[in-house]
Protein chains: 2
Amino acid sequence: MRVFNFAAGPAMLPLEVLDQAREELEDWQGSGMSVMEVSHRGKPFVALAAQLEALLREIASIPSGYQVLLLQGGATAQFAGVPLNLATAESTADYLNTGSWSAKAIGEAKRYCRVHVAADESASGYHTVPAPGTLALAREAAYVHYTPNETIGGVEFPYVPDTGSVPLVADMSSTLLSRPLDVARFGLIYAGAQKNIGPAGLCIVIVREDLIGHARAGTPMVLDYQAMAEDGSMLNTPPTFVWYIAALVLKWIKAQGGLAALGERNRAKAEALYQAIDGSGFYRNPVAKACRSWMNVPFTLAKPELDKGFLAEAAAAGLTNLAGHRSVGGMRASLYNAMPLAGVRALIDFMREFERRHG
Amino acid sequence: MRVFNFAAGPAMLPLEVLDQAREELEDWQGSGMSVMEVSHRGKPFVALAAQLEALLREIASIPSGYQVLLLQGGATAQFAGVPLNLATAESTADYLNTGSWSAKAIGEAKRYCRVHVAADESASGYHTVPAPGTLALAREAAYVHYTPNETIGGVEFPYVPDTGSVPLVADMSSTLLSRPLDVARFGLIYAGAQKNIGPAGLCIVIVREDLIGHARAGTPMVLDYQAMAEDGSMLNTPPTFVWYIAALVLKWIKAQGGLAALGERNRAKAEALYQAIDGSGFYRNPVAKACRSWMNVPFTLAKPELDKGFLAEAAAAGLTNLAGHRSVGGMRASLYNAMPLAGVRALIDFMREFERRHG
């Protein structure tokens with residue numbers, strides 16, 4: 001039985017994508033080989049890589065003047081890659097601290113440059129984002145880094161911060177390709193693919209061209225944006241199967257109507273679930289309403305002793321991976337692109353029924 | 001039609017592995033999810049990761065006192081990772097230069113420490129390896145690095161260099177798990193998986209425990225052996241599908257009789273092809289006989305103008321990816337674990353028939 005999988009990433013993939021991957025797993029494009037077995041330097045795979053980039057550029061409306069890099073090591077590698085490429089050891093970089101992932105990015109950045117925390121929402125328990133115009137930006141920062149969506153806390157910026165001429169850098173692991181985006185507002189966007197775009201093992205970096213070519217001495221080549229751009233992200237052998245699945249997901253996104261259609265659907269999914277939570281006296285979401293995430297909806301039960309039963313009954317009903325992150329507990333429903341509205345409706349129905357019996 | 005794929009990596013995988021992956025692609029272990037969709041922190045995947053490490057330890061006879069790390073960024077990332085973890089900026093490291101991959105490792109290492117080239121086979125056109133006992137090792141080197149098998153040149157060390165108490169570091173991308181190995185001779189072994197072990201996207205690092213915990217300041221966390229060891233190689237989200245396929249390949253290796261059986265088979269495959277080459281007046285392999293690779297067999301035709309026809313006819317006969325590396329031209333047949341003896345026999349038959357018609 002195919003389940004509705006609410007995992008925070010690696011996450012649900014479109015069934016159509018899995019169907020196609022299964023169909024051609026042992027014979028890709030009539031080659032007599034799996035796509036896992038073909039050379040990354042051969043014409044068929046080079047064409048796939050070009051298609052992957054072209055689809056990304058088209059779907060995300062990436063303007064000219066930006067490079068698209070397909071890297072390994074997840075967003076975590078870019079916690080180092082960003083300061084290594086965009087700052088010197090003496091530079092100051094602004095960071096907005098809005099949750100677990102911002103904090104990790106800050107911890108790693110401190111090892112490479114001076115970090116100035118321009119906003120810190122820890123006092124709210126990470127249930128807020130800074131109000132527009134309130135950032136205490138440093139003078140002459142190399143860049144401003146933020147995490148538009150915090151997958152653990154479930155908070156999300158409802159706006160793009162204005163940083164003037166200072167490049168804005170965003171860890172968009174959980175939101176890239178979930179709705180329309182004005183890439184030109186950003187100096188650099190990076191995102192692990194394993195939420196909305198594909199399997200784990202691929203990190204997409206979209207970087208304005210004037211920001212590359214400045215990697216400091218001692219930057220490992222696999223993290224050097226210039227070196228990777230020059231080699232079409234094939235400085236080392238790429239994770240070919242992951243790229244292949246990502247390309248299939250991008251085709252699926254296009255067939256869904258692109259980011260405008262997905263954005264509407266994702267908004268509707270999130271609104272339905274938040275309404276169900278707010279309309280009950282049994283479930284609760286702790287995040288300020290203005291900055292609730294469309295992607296990750298944490299919620300608690302009025303009786304925490306029922307958590308285990310909730311998870312077990314949900315799983316039995318085909319609603320899986322609803323446990324909150326181990327650092328915060330409770331529940332979390334991640335509603336990435338591949339989660340259909342029907343899955344959210346099934347979750348809401350289950351929650352109402354559970355509340356009726358246990359509330 | 002399933003072909004015999006002689007690609008140098010990504011390379012052929014066992015059909016049994018692809019069969020199983022296809023069978024359970026949409027429903028792994030009855031979960032109702034693809035293995036690509038499950039959380040890397042969930043019990044089923046954590047069990048898979050433990051099984052992957054246990055199989056590696058068992059099959060490669062990895063002694064206690066060694067950590068096994070599963071990293072991203074390919075062997076290329078370890079060209080930086082090795083000096084960042086094992087040397088200081090003031091240290092000297094010995095490198096043996098025996099071909100394209102050694103040279104790349106040397107180029108990257110020079111950015112992190114002092115490199116002393118203790119053997120240089122470039123004068124032979126990279127068709128030789130240094131004779132045992134002839135290495136000009138530096139005094140007090142942090143480590144000695146070599147490339148036991150050069151995939152482009154097709155040369156291979158028929159012995160493990162003796163470096164005394166200096167840790168020996170080996171890029172075994174093309175040989176790890178192709179035959180029995182005495183891991184205790186090495187301080188560190190690293191290997192991209194995409195030759196003998198699985199799809200691209202995984203680099204295995206086997207490192208003696210006394211060599212970890214010394215990463216220099218400014219080493220990206222994803223390259224810090226200690227940090228990765230502490231987190232079971234899950235400091236960042238691992239490429240879950242790649243790990244899964246690697247585990248299936250390891251089970252297949254075990255079912256084949258382990259490394260002793262595979263080593264015999266690989267030796268027989270290589271011997272048959274070299275005999276056919278040497279026995280003809282039409283084909284030629286340029287490598288000194290004592291150090292010919294079991295894994296990568298480059299060869300040239302007596303009439304280079306026939307190269308294109310050879311490749312086209314071979315492909316039509318189901319023998320694919322026989323073009324030599326773009327830097328050297330000619331032909332190359334890679335004979336990794338998943339290439340059956342039948343594939344090598346089919347290639348030899350084709351070569352004889354081609355020679356009969358064109359020789």
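1. A good place to start is the boundary inside chain A: 23 residues of domain 1 of chain A are in contact with 24 residues of domain 2 of chain A. Please keep in mind while reading that this is a predicted model. On the domain 1 side of that boundary, strand 7 (155–156) and helix 6 of chain A are the elements that give two or more residues. By class, the domain 1 side holds nine nonpolar, ten polar and four charged residues.

2. As for the domains themselves, domain 1 of chain A covers 15–255 and domain 2 covers 258–358. Their centres, taken over C-alpha atoms, are separated by 27 Å.

3. Next, the contact between the chains. Chain A and chain B each put 53 residues into it. On the chain A side, helix 1 (15–23), helix 3 (74–86) and helix 6 (240–255) are the elements that give two or more residues. Helix 3 of chain A gives the most, with four residues. The chain A side is made up of 28 nonpolar, 19 polar and six charged residues. You may like to look at helix 6 of chain A twice, since this helix is listed both for the side that touches chain B and for the side of domain 1 that touches domain 2.

4. Now the nonpolar cores. The largest has 229 residues, and the members that touch the most others are Ile204 and Ala246 of chain A together with Ile204 and Ala246 of chain B. Leaving aside residues up to four places away in sequence, Ala246(A) touches Leu52(A), Ala193(A), Ile197(A), Gly198(A) and Leu202(A). Another core, of six residues, lies apart from the largest one, and includes Tyr126(B), Val129(B), Val155(B) and Phe157(B). As background, nonpolar side chains tend to be buried together in soluble globular proteins.

5. Chain B also offers a nice sheet to trace. This open sheet has seven strands in the order 2-10-9-8-5-3-4, with mixed pairing. Strand 2 (66–71) and strand 4 (114–120) of chain B are its edges, each pairing on one side only. Ignoring direction, neighbouring strands are turned by 20 degrees against each other on average.

6. Within that sheet, strand 9 (residues 188–192) and strand 10 (residues 203–208) of chain B run antiparallel and are joined by five bridges. If you want a residue pair to check by eye, Tyr190(B) has Val205(B) of strand 10 as its bridge partner.

7. Finally, helix 4 (residues 100–109) of chain B lies across strand 3 (92–97), strand 4, strand 5 (144–146) and strand 8 (168–171) of chain B. Helix 4 runs at about 160 degrees to strand 3 of chain B.

How values were computed:
Residues are numbered from 1 along each chain as its sequence is written. Chains are lettered from A and ligands numbered from 1 in the order in which they are written. This is a predicted model: local features need pLDDT of at least 70, side-chain atom pairs count only at pLDDT 80 or more; totals for chains, interfaces and linings use all residues. Two strands pair if DSSP finds at least two bridges between them. Axes are lines fitted to C-alpha atoms, for helices over the stretch in contact, and angles run from 0 to 180 degrees between N-to-C directions. Two residues are in contact if their C-beta atoms, placed from the backbone, lie within 7 Å. A nonpolar core is a set of buried Ala, Val, Leu, Ile, Met, Phe, Trp, Tyr and Cys residues joined through C-beta atoms within 7 Å. A residue is buried if 20 or more other C-beta atoms lie within 10 Å of its own, exposed if 12 or fewer, and partly exposed in between; C-beta atoms are placed from the backbone. Ala, Val, Leu, Ile, Met, Phe, Trp, Tyr, Cys and Pro count as nonpolar, Asp, Glu, Lys and Arg as charged, and the others, Gly among them, as polar. Domain bounds come from an automatic or database domain assignment.
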